[in-house]
Amino acid sequence: LSGLSTAIDAIALALAADGIKTKPLTVSHAFHSPLMAPMMAAFAQAAQAVRYALPQIPLISNLTGAVASAEIATAAYWCQHIRQPVRFGAGMQALAILGADTFIEMGPNPVLLGMGQRCLPEHGGRWLPSLSAKRADWSQLLSSLAELYKHGVDVDWHGFDFRRSTDREST
């Protein structure tokens, strides 16, 4: 849910009264809501300057909750994405239908992994963070990489070693 904090708080209280847990996300703005209207003109201008390309692998749209169509490679899609609700649950179902069995959250704190698991309680699979506030970055990355490797994912070790040596030179 996204919108005015007073409305969100009231909805959360009503849900709690029905025994439904909610968890607020810490965000700077009410993304995916009409409250983004004041920045839309500037965003649309910036989005028009981007050169888009179609995804090379199936990509689930958070706007539709289904495999993305060609519209994902347009500024109009991303402008709509800013104001419309995220179809996270539908997107997770679409991933399950496609046969996804490994889910990696790319970000500084794996908040969405738990939400994804709750959307697919019978699914199983691997749910791996790229980073975590509770663990050093390299430790977390290597742990998730090891888990992927253990389950048969091909790792580009040459590329990995190249990146590691570049990181060492810059620190």
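In the predicted model, ring pairs join W138, Y149, W157 and F160 into a cluster. The structure contains five aromatic pairs in total. Among them is the pair formed by Y77 and W78, whose ring centres lie 4.8 Å apart with the planes at 80°, so the arrangement is edge-to-face. The two partners differ in their exposure to solvent probe: Y77 is buried, because its relative accessibility of 3% falls under the 20% limit, whereas W78, with a relative accessible area of 30%, is partly exposed.

A further aromatic pair is formed by F103 and W127, and its rings are stacked, with 4.1 Å from centre to centre and 10° between the planes. This pair links distant parts of the chain, since F103 belongs to strand β1 (residues 102-105) and W127 to strand β2 (residues 126-129), 24 residues apart. Both strands thus contribute a buried ring residue to the pair: F103 has a relative accessibility of 7% and counts as buried, and W127 is likewise assigned to the buried class at 16%.

The buried residue Y77 is part of helix α3, which spans residues 75-83. Within this helix, A75, C79, H81 and I82 are buried as well. The cover over the buried residues of α3 includes helix α2 (40-48).

How values were computed: Residues numbered from 1 in each chain as written. Predicted model: local features only at pLDDT ≥ 70, side-chain atom pairs only at ≥ 80, totals over all residues. Heavy atoms only, no water. Buried < 20%, exposed > 50% of the residue type's maximum accessible area, 1.4 Å probe, protein only. Helix = DSSP H or I, 4+ residues; strand = E, 2+ residues; numbered from the N terminus. Contact = heavy atoms within 4.5 Å. Phe/Tyr/Trp six-rings, centres within 6.5 Å; stacked < 30°, edge-to-face > 60°.
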